[in-house]
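The following exercises concern one protein chain. Please examine the sequence and the structure, then work through each task and its solution.

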Amino acid sequence: MGLFSKKTETAQTAPGKGWINYAWIVKHFGFLLFLAVLAIVYIANGHWADNTIRDINITQKQVKDMEYEYKNLKSLEMFRSRESQVTQAAAALGLKPGATPPVKLVADSITTKKNN
């Protein structure tokens, strides 16, 4: 009997006779194909997520650069629009501020002259 049990042990471990053999693969081919497609989708999703995160980081850097540039230009414009800076720029063109104050127009005097 010891000899018989030894034959069954070798028959179970022989190539093609184990737990995963050709018949099992053929029987479960659809499921194995599904798992392969699922693995490909999982890997592709990981690559897509990495690329998306990379694009987000690049966009954030560009936004920070543009924000810095906007603030810099805005402060420069505010500085240049001060009265003293405008006077200096006008002096370079040969313009001088008026010596007399501007004339104030009163709306009541205009309407009374039209009615007369």
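**Exercise 1: Elements and confidence**

The protein chain contains five helices and zero strands, where helices (H or I, at least four residues) and strands (E, at least two) are DSSP runs numbered from the N terminus. This is a predicted model, in which local features need pLDDT of at least 70, side-chain atom pairs count only at pLDDT 80 or more, and totals for chains, interfaces and linings use all residues. Residues are numbered from 1 along each chain as its sequence is written, and side-chain values use heavy atoms, with hydrogens and water left out.

Task: state which helix has the lowest mean pLDDT and which the highest.

Step 1. pLDDT is the predictor's confidence in each residue, from 0 to 100; its mean over the protein chain is 84.
Step 2. Helix α1 (residues 2-13) has the lowest mean, 49, and helix α3 (residues 29-80) the highest, 97.
Step 3. Over residues 7-11 the pLDDT is below 50. Where pLDDT is low, the predicted coordinates should not be read in detail.

**Exercise 2: Burial**

Task: determine whether Leu-38 is buried, partly exposed or exposed.

Step 1. Buried means under 20% relative accessible area, exposed over 50%, and partly exposed in between (1.4 Å probe, protein chains only).
Step 2. Leu-38 lies in helix α3. Because its relative accessibility is 45%, Leu-38 counts as partly exposed.
Step 3. For the whole protein chain of 116 residues, buried residues make up 2%.

Technical notes: Contact means heavy atoms within 4.5 Å.
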